[in-house]
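Visitor: I should like to go through this model step by step, with reasons given for each answer. Please show it first.

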Amino acid sequence: MLDRIRILAQVVESGSFSRAARALNLAPSSVTRTIDTLEQQLGVPLFKRSTRQLVLTEQGEYFLARSVRLLEEADQLVQSLQPLPEAPRGPLRVSVFESFGAAWLAPRLPAFLARYPGVRLEIELDNRLVDLDADNVDVALRIGRPADSGLHARKLLTNRTLLVASPGYLAQQGKPGHPDELATHNCLIRGQGRQRQHWHFRRGAERRKVAVQGNLASVGGTPLLCAAQAGCGLLLLSSWMVQQGLDDGSLQSVLPDWQASPYEDRHDEIYAVFRGGRFLKPQTRAFIDFLIEAIAPLQEEAR
């Protein structure tokens, strides 16, 4: 099945059966038979046969969009079982959004460099959406799966958010016992302060949507974290940003029995985005493998 899906993906990318056959070094008749067999196996037509152009049917678009992810996961699984062909050496350029890069990645870079001393690592902390080709970036860490089908992506983490505040703030303002009480508290807002903000809480079957407001808003999480540790208000932020504060006592968990989120029905996911896919240069693969290993404890906590 996977081999047939690979041929389907190449046909769509090439725009014709004959060009796909040349790209795959196969006979055109072999490509045609493979697509026919796949359609018979699925029980649905994948291409509209009545047009001059090669156009996927609605079922074909649905199937290809989801099966491409299976191909990526299969390639990643096979690759993860293979030892690195050589000790990684050479340049590696990584782009990462500022808050994750500063709070989580930066403290772990020395361990990566100690493991792979031949790698020359360049880190760019930037919240803009970089173009991997134009900016010569090997790996980008992003929130959300990329829309660019030419890139490969490896899911690193399903984001988990925690509600926290400093001990000083809670001693002065009181510790909320229920989400509804947040209306009387100063809440540090992630995003544009001009937009009305809601925080969502879940405990078992119980759901609460709470309108929050405060005197500080920021698109990036770092200013909010500093303000929360200084006693300025309540903060709903990613666990990887607030965990150190919880460990050293500068922050305390608030409403720990509730699952808190800035979204009602979704969670942010962090991906490693890269070019190449099946055959990565050694330093790129080493870095992605290192990320997967280092982030595993956070992923376990998010489940």
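Guide: This is a predicted model. We may begin with a single bridge in it and then turn to strands, loops and helices.

Visitor: Which residue is the bridge partner of Thr 161 in S10?

Guide: Strand S5 covers residues 161-165, and strand S10 covers residues 234-238. The two pair in the antiparallel sense over four bridges. Within that pairing, the partner of Thr 161 is Ser 238.

Visitor: S5 also pairs with S11. Which residue of S11 stands opposite Ala 165?

Guide: Strand S11 consists of residues 252-253. Its pairing with S5 is antiparallel and runs over two bridges. Opposite Ala 165 stands Gln 252.

Visitor: How many of the five residues of S5 are buried?

Guide: Thr 161, Leu 163 and Ala 165 point one way from the strand, while Leu 162 and Val 164 point the other way. Residues on both faces are buried. S5 is therefore largely enclosed by the rest of the structure, the number of its buried residues being five of five.

Visitor: Which strands stand at the edges of the open sheet S2-S1-S3-S13-S4?

Guide: Five strands form this sheet, and their pairing is mixed. From one strand to the next, the twist averages 20°. An edge strand here has a single partner, so one side of it is left without a neighbour in the sheet. The strands in that position are S2 (119-125) and S4 (152-158).

Visitor: Which residue of S13 stands opposite Lys 155?

Guide: S4 pairs with strand S13 (residues 269-274) in the antiparallel sense, over six bridges. Across from Lys 155 in S13 is Tyr 271.

Visitor: Is Asn 136 buried or exposed?

Guide: Most residues other than glycine have a negative phi. Asn 136, which is not a glycine, has a positive phi of about 55°. Asn 136 lies in the loop between S2 and strand S3 (139-143). With a relative accessible area of 52%, against a cut-off of over 50%, Asn 136 is exposed.

Visitor: And Leu 255: is that residue buried or exposed?

Guide: Leu 255 is not a glycine either, and its phi is positive, at about 50°. The residue lies in the loop between S11 and strand S12 (259-261). Its relative accessible area is 6%, and the cut-off is under 20%, so Leu 255 counts as buried.

Visitor: Turning to the helices, is H1 parallel, perpendicular or oblique to H2?

Guide: The axes of helix H1 (residues 2-14) and helix H2 (residues 17-24) come within 8 Å and cross at roughly 120°. Angles of 65 to 115 degrees count as roughly perpendicular and those over 145 as roughly antiparallel. The crossing of H1 and H2 falls in neither range, which means that H1 is oblique to H2.

Visitor: How many charged residues does the contact of H1 with H2 have?

Guide: From H1, the residues Ile 7, Gln 10, Val 11 and Ser 14 take part, and they meet Phe 17, Arg 19, Ala 20, Ala 23 and Leu 24 in H2. By class, six are nonpolar and two polar, and the number of charged residues is one.

Visitor: Is the crossing of H1 and H3 left-handed or right-handed?

Guide: H1 and helix H3 (residues 28-42) pack at about 115°, with axes 10 Å apart. Arg 4, Ile 7, Leu 8 and Val 11 in H1 meet residues of H3, including Val 31, Ile 35 and Leu 38. H1 passes H2 in a right-handed crossing, whereas its crossing with H3 is left-handed.

Methods: Residues numbered from 1 in each chain as written. Predicted model: local features only at pLDDT ≥ 70, side-chain atom pairs only at ≥ 80, totals over all residues. Heavy atoms only, no water. Axes fitted to C-alpha atoms, helices over the stretch in contact; angles between N-to-C directions. Parallel < 35°, antiparallel > 145°, perpendicular 65-115°, else oblique. Left-handed = near helix turned anticlockwise from the far one by under 90°. Contact = heavy atoms within 4.5 Å. Nonpolar A, V, L, I, M, F, W, Y, C, P; charged D, E, K, R; others polar. Pairing = 2+ DSSP bridges. Buried < 20%, exposed > 50% of the residue type's maximum accessible area, 1.4 Å probe, protein only.
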